[in-house]
Amino acid sequence: MATSAKMTCLDCSTVNRVPVDKLTAGPKCGTCGAKLSDGKVRELDPLTLDKAAKNDNTPLLVDFWAPWCGPCRMMAPAFAQAAQAMAGKARFAKINTEDHPKVSTKNNIRGIPALILYQNGKEIARHAGAIPANAIEAFVRKNAKL
């Protein structure tokens, strides 16, 4: 089993190696000092998303959303609740498809909200539509290697 996991800092995009036994201890980025896994939802840009999706060993669940989307706004509190509940096990992020329209095409997003789960450098699962916090957690647990 690996003794360290790669985690991309969602603030500065630096790839960090974190000892597996320290993942739940609130590791910080070696470059900018930001917490790598604190149970908060981070807003991503396309470059950081690409880097994290290709490099991270830890599960990263990304919500593709837009501010005008009612179901996206409705699911936001549940997404934040699930992120807090899974702190140290998986990381949660959002990408605004209105601000970054090319990201929808690149990731084959047909409707929003859309959840894509990445781990070990690849997409491992996706879900379309708004779901409650417990279903978000179940989706991650079912598909990711925790």
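**Exercise 1. Classify the exposure of Arg 126, then find its salt-bridge partner.**

Start with the accessibility: Arg 126 has a relative accessibility of 37% and therefore counts as partly exposed, since that class lies between the cut-offs of 20% and 50%. Keep in mind as you work that this is a predicted model.

Next, look for a carboxyl group. Arg 126 forms a salt bridge with Glu 123, with 2.8 Å between the closest N and O atoms. Now check the partner: Glu 123 is partly exposed, and its relative accessible area is 37%.

**Exercise 2. Take the salt bridge between Asp 50 and Lys 106 and work out which parts of the chain it links.**

Begin with the distance. The two side chains meet at 2.7 Å, N to O. Then place each residue: Asp 50 sits in helix 1 (residues 46-55), while Lys 106 belongs to helix 3 (residues 101-106). With 56 residues separating them, the pair links distant parts of the chain.

Finish with the exposure of each partner. Asp 50, at 22% relative accessibility, is partly exposed. Lys 106 reaches 54% and so counts as exposed, because the exposed class starts over 50%.

**Exercise 3. Is Arg 42 buried or exposed, and which residues share its salt-bridge network?**

Step one is the accessibility: at 18%, Arg 42 is buried, because the limit for that class is under 20%. Step two is the pairing, a salt bridge between the side chains of Arg 42 and Asp 38 at 3.1 Å, N to O. Asp 38 has a relative accessible area of 21%, which means it is partly exposed.

Step three widens the view. A network of salt bridges links Arg 42 and Asp 38 with Asp 11. For the whole model, the count of salt bridges comes to seven.

**Exercise 4. Compare the expected and actual span of helix 2, then describe its bend and its buried residues.**

First, the span. Helix 2 covers residues 70-85, which is 16 residues, and at 1.5 Å a residue it should span 22 Å. The C-alpha atoms at its ends lie 24 Å apart, so the two values agree.

Second, the bend. Helix 2 turns by about 35° at Ala 76, and Pro 77 is a proline that follows within four residues.

Third, the buried side. The buried residues of helix 2 are Cys 72, Met 75, Ala 78, Phe 79, Ala 82 and Ala 83. Last, ask what covers these residues: the elements include strand 4 (60-65), strand 5 (91-96), strand 6 (114-119) and helix 4 (133-143).

Technical notes. Residues numbered from 1 in each chain as written. Predicted model: local features only at pLDDT ≥ 70, side-chain atom pairs only at ≥ 80, totals over all residues. Heavy atoms only, no water. Salt bridge = Lys/Arg side-chain N within 4 Å of Asp/Glu carboxyl O. Buried < 20%, exposed > 50% of the residue type's maximum accessible area, 1.4 Å probe, protein only. Helix = DSSP H or I, 4+ residues; strand = E, 2+ residues; numbered from the N terminus. Expected span 1.5 Å × (residues − 1). Bend = angle between axes of the 7 residues up to and from the residue. Contact = heavy atoms within 4.5 Å.
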